[in-house]
Amino acid sequence: QVQLVESGGGLVQPGGSLRLSCAASGITFNINTMAWYRQAPGKERELVTTITSLGGTQYADSVKGRFTISRDNARRTMYVQMNSLKPEDTGVYYCNSRNIYNNMEYWGQGTQVTVAS
């Protein structure tokens, strides 16, 4: 079975930091593009950041300079380090994995991030 499991979410004060992880199984992790999406209450799900199998990264303008995505292929795990968090970063964060050759795509269950005083 394919499984993506997010962890690391929680409640943090504005200006604080969190690191989210996504542990993958049942996929061709080393060649897959990985991504983080998020969905705030009452809003559509949005793409936050991506990382390719070769380590190329992209970031949404709203998180550029504050978030850093990385991957550890040996551990089959993808991460996002989130610094200088803002209340507008609040939402459910979802791990996404896509095989660039067959376009198969998978999602994790999500982890809640709340940025508030």
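## Exercises on strands, a disulfide and a core

In this predicted model, Arg-38 of strand 4 has Glu-46 as its bridge partner in strand 5.

**Exercise 1.** Determine how strand 4 is paired with its neighbours, and whether its residues are mostly covered or not.

*Solution.* Begin with strand 5: the bridge between Arg-38 and Glu-46 belongs to a pairing in which 5 bridges join strand 4 to strand 5, the two running antiparallel. Next, consider the connection between these strands, a hairpin with 6 residues between them, in which Gly-42 adopts a positive phi near 75°. Then turn to strand 9, with which strand 4 pairs in the antiparallel sense over 8 bridges, and where Val-92 is the bridge partner of Gln-39. Finally, examine the accessibility, which shows strand 4 to be mostly covered, since 7 of its 8 residues are buried.

**Exercise 2.** Locate the disulfide, assign its handedness, and state which strands it ties together.

*Solution.* With a cut-off of 2.5 Å between cysteine sulfur atoms, the count comes to 1 disulfide. The pair consists of Cys-22 and Cys-95, whose sulfur atoms lie 1.9 Å apart. The torsion about their S-S bond is about -75°, so the disulfide is left-handed. Because Cys-22 lies in strand 3 (residues 18-25) and Cys-95 in strand 9 (residues 91-99), the pair ties together parts that are 73 residues apart in sequence. For the accessibility step, recall that buried means under 20% relative accessible area; Cys-22, at 0%, therefore counts as buried, and Cys-95, also at 0%, counts as buried too.

**Exercise 3.** Describe the open sheet that contains strand 3, giving its strand order, its edges and its twist.

*Solution.* The open sheet is formed by 4 strands in the order 1-3-8-7, with antiparallel pairing. Its edge strands are strand 1 (3-7) and strand 7 (67-72), each of which pairs on one side only, and the twist from one strand to the next averages 15°. At the strand 1 edge, strand 1 and strand 3 pair in the antiparallel sense over 5 bridges, and Gln-3 has Ser-25 in strand 3 as its bridge partner.

**Exercise 4.** Identify the residues that touch the most other members of the largest nonpolar core, and the strand that gives it the largest share.

*Solution.* This core has 25 residues, of which Trp-36, Phe-67, Met-78, Met-82 and Tyr-93 touch the most other members. Several strands give two or more residues to the core, including strand 4, strand 7 and strand 9, while the largest share, 4 residues, comes from strand 3. As a last step, take Phe-67: leaving aside residues up to four places away in sequence, its contacts include Arg-38, Val-48, Tyr-59, Met-82 and Tyr-93.

Terms used
Residues numbered from 1 in each chain as written. Predicted model: local features only at pLDDT ≥ 70, side-chain atom pairs only at ≥ 80, totals over all residues. Heavy atoms only, no water. Buried < 20%, exposed > 50% of the residue type's maximum accessible area, 1.4 Å probe, protein only. Pairing = 2+ DSSP bridges. Axes fitted to C-alpha atoms, helices over the stretch in contact; angles between N-to-C directions. Core = buried A, V, L, I, M, F, W, Y, C linked by side-chain atoms within 4.5 Å. Contact = heavy atoms within 4.5 Å.
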